[in-house]
Amino acid sequence: MSRILVTGSADGLGRAAADSLLSAGHDVVVHARNQERAAGLDALAERGAHIVVGDFTERDAVRRIAAELNDAKPLDAVIHDAGGWSGRAVMPVNIVAPYLLTALLRGPRRLVYLSSGSHFSGRPSLAGVDWRGESAGSYADSKLFVTTLAAAMARLRPGLLSNAVDPG
């Protein structure tokens with residue numbers, strides 16, 4: 001079976017994906033932003049999931065998680081589910097963290113980025129985008145950028161399966 005990282009797996013779609021993948025017999029790595037949210041993953045850990053913890057608003061945390069994962073058994077796939085709807089975390093979590101993980105992780109043959117139909121309302125301009133999260137970011141813009149990242153990865157790495165999906 002495959003080894004799969006599911007970011008943002010403390011609740012919602014990420015948790016559902018991790019649960020389904022574990023039930024199918026996959027080796028799953030779940031992610032939570034902090035120890036408090038990681039405690040909610042105990043039921044998945046008892047079924048064999050491995051847990052990584054790090055706040056995706058912090059680039060050093062993303063780098064640490066990537067290093068931790070690169071020191072373990074290689075990943076076959078990454079589901080980039082972690083995300084924010086509003087506020088300062090939108091750009092760092094929705095686009096910077098998936099970009100960094102994609103650049104730093106060795107070996108995944110499949111990448112799945114959670115997008116949204118909101119990407120149709122995104123502006124294809126980098127002017128004025130606050131990548132550091134010092135001000136509120138645009139959800140629609142972030143989903144347009146992550147969809148673009150998925151397409152870029154498919155183009156730049158032809159042997160890699162890269163998709164952006166709208167779960168809605």
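Two strands are taken to pair if DSSP finds at least two bridges between them. In this predicted model, strand 1 (residues 3–6) and strand 2 (residues 27–32) meet that condition, since they run parallel and are joined by four bridges. Within this pairing, V6 of strand 1 has V30 as its bridge partner in strand 2, and L5 is likewise matched with V29. Strands of a sheet pair through backbone hydrogen bonds, in either a parallel or an antiparallel sense.

The wider arrangement is an open sheet of six strands, which follow one another in the order 3-2-1-4-5-6 with parallel pairing. Strand 3 (50–53) and strand 6 form the edges, each of them pairing on one side only. From one strand to the next the twist averages 15 degrees.

Strand 1 is covered on both faces, with R3 and L5 buried on one side and I4 and V6 buried on the other. Between strand 1 and strand 2 the chain passes through helix 1, and this β-α-β crossover is right-handed. Strand 1 also pairs with strand 4, again in the parallel sense, over three bridges, and there the bridge partner of I4 is A77.

Two helices that pack against these strands can be described next. Helix 1 (residues 12–23) packs on the sheet and touches strand 1, strand 2, strand 4 and strand 5, while its direction makes about 165 degrees with that of strand 1. Helix 4 (residues 59–70) lies across strand 1, strand 2 and strand 3, and runs at about 155 degrees to strand 3.

At the edge of the sheet, V53 lies in strand 3. Its relative accessible area is 17%, and because buried means under 20%, V53 is classed as buried. Not counting residues up to four places away in sequence, V53 touches A32, R33, N34, Q35, A38, R64 and I65. By contrast with these contacts, A43 is ten residues from V53 in sequence, and the C-alpha atoms of the two lie 16 Å apart in space.

On the other side of strand 1, the sheet continues through strand 4 and strand 5, which pair in the parallel sense over four bridges. In this pairing, I79 has V112 of strand 5 as its bridge partner. The chain reaches strand 5 from strand 4 by way of helix 5, in a β-α-β crossover that is right-handed. Strand 5 is mostly covered, four of its five residues being buried. Strand 5 also pairs with strand 6 (residues 161–165), in the parallel sense and over five bridges, and L111 has S162 as its bridge partner in strand 6. The connection from strand 5 to strand 6 runs through helix 6, and this β-α-β crossover is also right-handed.

The loop between strand 5 and helix 6 contains S116, which counts as buried at 10% relative accessibility. A polar atom of the S116 side chain lies 2.9 Å from the backbone nitrogen of S118. Leaving aside neighbours within four places in sequence, S116 is in contact with Y139, K143, V165 and D166.

Y139, one of these contacts of S116, also takes part in aromatic pairing. When rings are counted as paired if their centres lie within 6.5 Å, the count comes to two aromatic pairs. W85 and Y139 form a tilted pair, 4.4 Å from centre to centre and with 50 degrees between the planes. Because W85 lies in the loop between strand 4 (77–80) and helix 5 (90–104), whereas Y139 lies in helix 6 (residues 139–156), this pair ties together parts that are 54 residues apart in sequence. The two partners differ in their surroundings: W85 is exposed, with a relative accessible area of 61%, whereas Y139 is buried, with a relative accessible area of 18%.

In the pair of W131 and F145, the ring centres are 5.5 Å apart and the planes stand at 45 degrees, so this pair is tilted as well. W131 lies in the loop between strand 5 (110–114) and helix 6 and F145 in helix 6, so that the pair links distant parts of the chain, 14 residues apart. W131 is partly exposed, with a relative accessible area of 29%, while F145 counts as buried at 11% relative accessibility.

Terms used
Residues numbered from 1 in each chain as written. Predicted model: local features only at pLDDT ≥ 70, side-chain atom pairs only at ≥ 80, totals over all residues. Heavy atoms only, no water. Phe/Tyr/Trp six-rings, centres within 6.5 Å; stacked < 30°, edge-to-face > 60°. Buried < 20%, exposed > 50% of the residue type's maximum accessible area, 1.4 Å probe, protein only. Right-handed = clockwise from strand over helix to strand, strands pointing away. Polar contact = N/O pair within 3.5 Å; in protein donor to acceptor, adjacent residues only side chain to side chain. Contact = heavy atoms within 4.5 Å. Axes fitted to C-alpha atoms, helices over the stretch in contact; angles between N-to-C directions.
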